[in-house]
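Biologist: I am new to this one, and I would like to know where its labels come from. Could you show it to me and let me ask about them?

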Amino acid sequence: MNPAPPAQPAADPMRAALSDFVPWSQDAPAWQRDALRRLYSQWKLAPGDLDELFILCRQPHSLLAASETTLTPQSLDASHVPATLNTGGPVSLKSLGHTQNVNALADDQTLQFAETGLTIVYGDNGSGKSGYGRVLKRACRARDQEDILPNAYATPSGKASARIKYSVGGAVQPEVVWQDGVAANPRLSSINVFDSKCASVHVDGKNELAYTPMPLQLLQALADTCRDFGTRLKSKKAALETQVPPFRKKPASREGT
């Protein structure tokens with residue numbers, strides 16, 4: 001008699017909620033989808049983010065000033081949030097290497113990771129440790145995702161890329177060829193990448209006892225942004241109305257003239 005197969009672990013409700021949140025957001029205006037992407041990765045919008053989003057908000061309605069430049073929105077999509085995968089066993093990182101156009105990292109080097117225990121990567125400042133971390137944060141969909149720049153002293157030859165090997169439940173999987181801007185294999189999102197910048201996303205907020213699920217936090221922050229933009233638009237409208245001559249506001253002419 002064959003033993004009963006082990007029960008599969010329950011799906012992570014937070015991952016499931018975020019996975020549902022992405023298709024729900026597709027009906028929102030482009031600037032709001034861009035705002036959700038920024039809010040998810042950094043939690044708090046910087047003044048520069050708000051200025052750009054305000055441009056994206058007015059852009060479809062031809063309300064930009066002559067000095068303002070049009071922008072292209074980048075929407076929240078499935079590649080930004082963890083996938084809801086709960087089968088096959090634990091996902092382990094095996095190696096990362098063969099980078100292209102990633103800072104000044106050599107393209108013939110590979111970092112090996114032990115599937116169990118602790119792997120320590122050490123080196124002098126500027127030796128490339130953070131460069132590998134930036135790749136992992138993007139490939140594994142960490143909350144904080146830094147821009148990956150090419151080598152400043154070399155001619156860039158394309159987008160940043162790397163090769164990643166991993167295993168699921170101890171079974172080695174096909175090598176992943178990661179490219180910046182392209183969603184990597186969703187199983188990689190089961191690998192948690194955490195650094196000081198990811199930590200700031202969690203600890204820089206208000207120190208309140210109440211717990212709010214991540215999707216509701218995003219909605220609250222988006223609602224606050226909408227209210228802020230509403231105030232800005234009302235101020236602009238009021239300023240424009242003061243420029244309208246009185247005879248245009250209440251014409252004194254007779255009908256038919």
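Modeller: Here is a conversation about the labels used for this structure and the values behind them.

Modeller: This is a predicted model, in which local features need pLDDT of at least 70 and side-chain atom pairs count only at pLDDT 80 or more, while totals for chains, interfaces and linings use all residues. Residues are numbered from 1 along each chain as its sequence is written, and side-chain values use heavy atoms, with hydrogens and water left out.

Biologist: Thanks! What makes the contact of Arg38 and Asp49 a salt bridge?

Modeller: The term asks for a side-chain nitrogen of Lys or Arg within 4 Å of a carboxyl oxygen of Asp or Glu. For Arg38 and Asp49 the N to O distance is 2.8 Å, so the pair qualifies. In general, side chains of opposite charge can pair when their charged atoms come close.

Biologist: Which helices hold Arg38 and Asp49?

Modeller: Arg38 is in helix α2 (residues 30–42) and Asp49 in helix α3 (residues 47–58), 11 residues apart, and the pair links distant parts of the chain. Such names come from DSSP runs numbered from the N terminus: helices are H or I with at least four residues, strands are E with at least two.

Biologist: Why is Arg38 called buried?

Modeller: Buried means under 20% relative accessible area, exposed over 50%, and partly exposed in between, using a 1.4 Å probe and protein chains only. Arg38 has 9%, so it is buried. Asp49, at 13%, is buried too.

Biologist: What other partner does Arg38 have, and how do you know that the two form a salt bridge?

Modeller: That partner is Glu52, and the closest N and O atoms are 3.0 Å apart, so the pair meets the cut-off. Glu52 is in helix α3, 14 residues from Arg38 in helix α2. With 35% relative accessibility, Glu52 counts as partly exposed.

Biologist: Which residues make up the network of salt bridges here?

Modeller: Asp34, Arg37, Arg38, Asp49 and Glu52 are linked in it. The structure holds 13 salt bridges. Among them is the one between Glu146 and Lys137, with closest N and O atoms 2.9 Å apart, and both of these residues are buried.

Biologist: Let us turn to the helices. Why is α2 called roughly antiparallel to α3?

Modeller: Axes are lines fitted to C-alpha atoms, for helices over the stretch in contact, and angles run from 0 to 180 degrees between N-to-C directions. The axes of α2 and α3 come within 9 Å and cross at roughly 160°. Angles under 35 degrees count as roughly parallel, over 145 as roughly antiparallel, 65 to 115 as roughly perpendicular and the rest as oblique. The α2 and α3 pair is therefore roughly antiparallel.

Biologist: And what makes α2 oblique to α6?

Modeller: Helix α2 and helix α6 (residues 214–241) pack at about 125°, with axes 10 Å apart. That angle falls in none of the named ranges, so α2 is oblique to α6.

Biologist: Which residues of α2 and α3 meet?

Modeller: Trp31, Asp34, Ala35, Arg38 and Gln42 in α2 meet Asp49, Glu52, Leu53, Leu56 and Cys57 in α3, where contact means heavy atoms within 4.5 Å. By class, this contact has 5 nonpolar, 1 polar and 4 charged residues. Here Ala, Val, Leu, Ile, Met, Phe, Trp, Tyr, Cys and Pro count as nonpolar, Asp, Glu, Lys and Arg as charged, and the others, Gly among them, as polar.

Biologist: How many charged residues are in the contact of α2 with α6?

Modeller: That contact has no charged residues, with 11 nonpolar and 2 polar. Its α2 residues include Trp31, Leu36 and Tyr40, and its α6 residues include Met214, Leu222 and Phe229.

Biologist: What is notable about the phi of His98?

Modeller: His98 has a positive phi of about 50° although it is not a glycine. Most residues other than glycine have a negative phi. His98 is found in strand β1 (residues 91–100) and is partly exposed at 34%. Asn101 also has a positive phi, near 55°, and lies in the loop between β1 and β2 (110–112).

Biologist: One last pair of words: is Ala152 buried or exposed?

Modeller: Ala152 has a relative accessible area of 72%, so it is exposed. Ala152 lies in the loop between α4 and β3 (161–168), and its C-alpha atom is separated by 7.5 Å from that of Asn103, 49 residues apart along the chain.
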